[in-house]
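Trainee: I would like to learn how the labels on a structure are earned. Can we go through some of them together?

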Amino acid sequence: MLSQRIILNFILIILISVYAFLINQISANIGVMPIDTFAFFDSGFSILKNKIPIRDFWAFTGLVVDYLQALFFWIFGENWNSYVYHACFVNIFASLSFYFFLQKLKLSKIYSFLYTISFATLCYPVSGTPFAYIHSYVFSLLSIFCLCIAIKEKNLFFWFLLPILSFFGFFSMQTPSIFIIFIVIIFSIYFFINEKNLKILKTFLLSGIVSFIFIIFYLLASKTPLENFLYQYFLFPLSIGGERLASEPGAYVSLLNQLNFNRFFGDFKFLHIFYLPLIFITIRLFYKDSKNNLKKINLIIIFAVFAFLFNQLITANQIFIFSLIPIVASILHLNLKEFKSKNILIILILLMIFFSTTKFHYRYNIDRKFHDLENVDKNQAVDSVKIDNKMKNLKWVTPYSISNYNDPQKEIDFLKQSIGILQSDKRNKVLITHYNFLSLILDEDLNLLNRWYLWENDTHPTETHKYFPIYKKMVNKNLKKNNIEVIYLLGQKDEILFNNVKNYFTKKCFNSKTIVKNRFSYHEIVNCKKK
């Protein structure tokens, strides 16, 4: 009997792993949104060229994502498929963690499997490719799972693992991880006060200290200036978040504009179908003489979901938290077991999970809404091997393929022309673009200045921002260090203009030439003429 359970568990784990891999791979290969899809492509490749995020280019998010991507390039080769494998493996890791979490809570294997398949469909495939918010979201979820099990079982391993998962979440992206870290600290303090278990407390603190020492060691070993680290990873993101929370006029997203019925309930209605009953049941549990840990687990999940919802409202991204639906539904399922509810309620939950999973799978994984491809005809996509063999399996179509080029093939032709020009220029150069896969294609360090180039102080400080001198100082230091002779600009029409970029540079003069009007140009650094 025991062996049958082990075999069944093994089969389910294999099925979850294969499904989580394939569903993400399918999604990832359907079209691209350059600014998001390639955000960690060349930055991961740059690490293999001995360039360090924060030290050598502005990176206010995604340290963990960059280094993981460098690892995947190193193991699986420097190509598009390695990039996709990264997100696929994170989807597998997150899905299996959710499955084991449900097993720890004594949900049956079959039910755990069904909820996990829904989770795997709605977790990383909404993006398909590495994305800092989703990495942070995944590690934050794992922190929540870990906290619940640590409290339930008082297991030293889970208490040691908890700060490490939180650490990985924060250094993937500051939010939503910082909100989850706050929840972890509050519930941990409550646990320590009630349990008075010094051994667990010491284990928890030791793990936190180890994580802190690791980041200090990283800064020293990589010779990253503390000033760069503080401004890029703390002060600049705080300035962005502060503007959004205060709903200042220049903020890219205003919290006040997001706090409305349609946004909070309309966009997340399938989540609230399970979330609101869970809140109601949790209140009832406090009036029931229950000696299990279900009340604590409910509270942790309720606060975590609220934190994820709040974070989603203050970000400028498409919704990426639909995988909370099977999580909350599974916890509601456990509560209904506690109240010995009728099986018809469980059946209704599973039917709703099937419906919502199918709906969001088609809208986000197939129609690719997350990358603004929902209204783009994917049938016109062109095989990206036409750009280079390293891009094999990607079907190239972008939101701009039709609007700017009328044909994805024309965008590919434009990119091939650009690649040829860059390849023929043997000078030390900087490429400023959102097509951040060209360094790898050319197998050349194109000296990234920044991961993204938006001009409203949302991705890096521009002239109106108080930290612009810090950014400018770093840019000029790295130009000198790398003996840069020419700067190339490549983008959509009027996307990246030299009039915006030239203010980055101190005491530099340029000989500029337009290659494709408003899209592709180069700017040689020349000696300034004395007046």
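Mentor: Yes. Start with helix α9. Gln174, Thr175, Pro176, Ser177, Ile180, Ile181, Ile183, Val184, Phe187, Ser188, Phe191 and Phe192 are buried there. Keep in mind that this is a predicted model.

Trainee: What makes a residue in α9, such as Phe187, count as buried?

Mentor: The cut-off is under 20% relative accessible area. Phe187 of α9 is buried, so its value falls under that cut-off.

Trainee: How do you know what length to expect for α9?

Mentor: Use 1.5 Å a residue. Helix α9 covers residues 174–195, which is 22 residues. The expected span is 32 Å, and α9 reaches 31 Å from its first C-alpha to its last, which is close. Just after α9 comes Lys196, with a positive phi of about 55°.

Trainee: How do you know whether the span of α16 agrees with its residue count?

Mentor: Same method. Helix α16 (residues 324–338) has 15 residues and should span 21 Å. Its end C-alpha atoms are 21 Å apart, so the two agree.

Trainee: Why is α16 called mostly covered?

Mentor: Look at the count. In α16, 13 of its 15 residues are buried. After α16 comes Lys340, with a positive phi near 55°.

Trainee: How do you know whether Asn91 is buried or exposed?

Mentor: Its relative accessible area is 0%. Buried means under 20%, so Asn91 is buried. Asn91 is found in helix α5 (residues 80–104). Beyond its neighbours within four places in sequence, Asn91 is in contact with Ala20, Ile23, Asn24, Ala120, Cys123, Tyr124 and Pro125.

Trainee: Why is α3 called roughly perpendicular to α4?

Mentor: Helix α3 (residues 41–48) and helix α4 (residues 63–76) pack at about 70°, with axes 8 Å apart. The perpendicular range is 65 to 115 degrees, so α3 is roughly perpendicular to α4. Their crossing is right-handed. Among the residues making the contact are Phe41 and Phe45 of α3 and Tyr67 and Phe73 of α4. The contact residues divide into 8 nonpolar, 3 polar and 1 charged.

Trainee: And what makes α7 and α15 roughly antiparallel?

Mentor: Helix α7 (residues 132–153) and helix α15 (residues 294–314) pack at about 165°, with axes 10 Å apart. Over 145 counts as roughly antiparallel, and therefore the label fits α7 and α15. This crossing of α7 and α15 is right-handed. Residues that meet include Leu141 and Ile144 in α7, and Ile300 and Ala304 in α15. The contact residues divide into 12 nonpolar, 2 polar and 2 charged.

Conventions:
Residues are numbered from 1 along each chain as its sequence is written. This is a predicted model: local features need pLDDT of at least 70, side-chain atom pairs count only at pLDDT 80 or more; totals for chains, interfaces and linings use all residues. Side-chain values use heavy atoms; hydrogens and water are left out. Axes are lines fitted to C-alpha atoms, for helices over the stretch in contact, and angles run from 0 to 180 degrees between N-to-C directions. Helices (H or I, at least four residues) and strands (E, at least two) are DSSP runs, numbered from the N terminus. Angles under 35 degrees count as roughly parallel, over 145 as roughly antiparallel, 65 to 115 as roughly perpendicular and the rest as oblique. A crossing is left-handed if the near helix is turned anticlockwise from the far one by less than a right angle, and right-handed if clockwise. Contact means heavy atoms within 4.5 Å. Ala, Val, Leu, Ile, Met, Phe, Trp, Tyr, Cys and Pro count as nonpolar, Asp, Glu, Lys and Arg as charged, and the others, Gly among them, as polar. The expected span of a helix is 1.5 Å times one less than its number of residues. Buried means under 20% relative accessible area, exposed over 50%, partly exposed in between (1.4 Å probe, protein chains only).
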